[in-house]
Amino acid sequence: MTVRVLLADDQALFREALTTLLEVQPGIEVVGEAANGEEAVRASAAARPDVVLMDLRMPVLDGIAATARLRATQPDVRVIALTTFDDDEDVLAALRAGAVGYLLKDVSSARLVEALVAAARGETVLQPSVVAKVVARVVRIPADTAPSTHPLSEREVALVRLLADGRSNREIAGALYLAEGTVKNLVSSVLSKLEVRDRTQAALRARDLGVL
């Protein structure tokens, strides 16, 4: 399939370079650009991309606010934060706003393309350093603040823990000795039980329930 991508970044030179890089990649089509979050929301409504690569620190409307607006008004569009910054608050704010991925701008072109394809499939894509930050934040939550019950089966709990590590469906299938189709069904079940819309939100909700 062809993944339609919208680029949102306030640096014109970076957008041009990224467009040049992505346009030569098979299966990737750049369908628009935006210089701030407000433009990104408008451009997304017009171009209907599969994935928006969203810088976080932009004028007029920042990337986190734009991500939240996209999730509310265009829920089928996946957002990957692509930024220079990886401090804890930015990471968690982007994920809570509805981003399905968080990558740094020093990511390799191959990894970026993999992330775009995975996000278009509904998978979570997190840079390893970002996964470490999310896990570290979870570990700091006192155990006695977590609820003692949750709606997930033992197998679903195992799946959510792998989701939180940023694993793809194929990797989860290998780890749990399941077929990929079974993993997709389990992911759908987990999203439904946790009353969330995507894998990133599922991991954050599971953390709040004391599953992680």
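Which of the 25 residues in the largest nonpolar core touch the most other members? In the predicted model described here, these residues are A8, V52, M54, L70, V79, A94 and Y102. The core draws two or more residues from each of several elements, namely the strands β1 (3-8), β3 (51-54), β4 (78-83) and β5 (101-104), together with the helices α2 (37-47), α3 (63-73) and α4 (88-97). In soluble globular proteins, nonpolar side chains tend to be buried together. A second core, separate from the one just described and made up of 21 residues, has V51, L53, L112 and V113 among its members. For A8, when its neighbours within four places in sequence are left aside, the contacts are with A34, A40, V52, L53, M54, D55 and M58.

The strands that contribute to the core belong to an open sheet, in which 6 strands are arranged in the order β2-β1-β3-β4-β5-β6 with parallel pairing. The edges of this sheet are occupied by β2 (28-34) and β6 (125-126), and because each of them has a single partner strand, one side of each is left without a neighbour in the sheet. The pairing of β1 with β2 is parallel and extends over 6 bridges, and within it V5 stands opposite V30 of β2.

Helix α2, one of the elements that give two or more residues to the largest core, contains A43. The C-alpha atoms of A43 and V31 are separated by 9.2 Å in space, while the two residues lie 12 positions apart in sequence. When residues up to four places away in sequence are not counted, A43 touches L6, E33 and R48.

Empty space inside the model was also examined, and 2 cavities of 30 Å³ or more were found. The second largest cavity, with a volume of about 50 Å³, is lined by L7, A8, D9, F14, R15, L18, L53, M54, D55, L82 and K105. A8 and M54, which are among the residues touching the most other members of the largest core, thus appear again in the lining of this cavity. At least two lining residues are supplied by each of β1, α1 (12-23) and β3, and the largest share, 3 residues, comes from α1. In terms of class, the lining of the second largest cavity comprises 7 nonpolar and 4 charged residues, with no polar residue.

The largest pocket has a volume of about 500 Å³, and its lining consists of 25 residues, of which A118, R121, E123, S168 and N169 lie nearest its centre. Two or more lining residues come from each of α5 (109-120), α8 (169-176) and α9 (180-194), and α9 gives the most, with 5 residues. The lining of the largest pocket is divided by class into 5 nonpolar, 6 polar and 14 charged residues.

Among the residues nearest the centre of the largest pocket, S168 is found in the loop between α7 and α8. S168 has a relative accessible area of 18% and is therefore buried, since the limit for that class is under 20%. Leaving out residues up to four places away in sequence, S168 touches E123 and R199, and E123 is itself one of the residues nearest the centre of the pocket. In helix α7, which spans residues 154-164, the buried residues include E156, V157, L159, V160, L162, L163 and A164. Just after this helix, G166 adopts a positive phi of about 80°.

Positive phi values are also found in residues other than glycine, among them V60, for which phi is near 70°. V60 is placed in the loop between β3 and α3 and, with a relative accessibility of 62%, counts as exposed. E195 likewise has a positive phi, near 60°, and lies in the loop between α9 and α10 (199-208). At a relative accessibility of 74%, E195 also counts as exposed, in contrast to S168, which is buried.

Terms used. Residues numbered from 1 in each chain as written. Heavy atoms only, no water. Core = buried A, V, L, I, M, F, W, Y, C linked by side-chain atoms within 4.5 Å. Buried < 20%, exposed > 50% of the residue type's maximum accessible area, 1.4 Å probe, protein only. Helix = DSSP H or I, 4+ residues; strand = E, 2+ residues; numbered from the N terminus. Contact = heavy atoms within 4.5 Å. 1 Å grid on protein atoms, 1.4 Å probe; cavity = no way out; pocket = protein on both sides within 12 Å on 5 of 7 lines; lining within 4 Å. Points joined across faces, edges and corners; volume = space filled by probe spheres on them. Nonpolar A, V, L, I, M, F, W, Y, C, P; charged D, E, K, R; others polar. Pairing = 2+ DSSP bridges.
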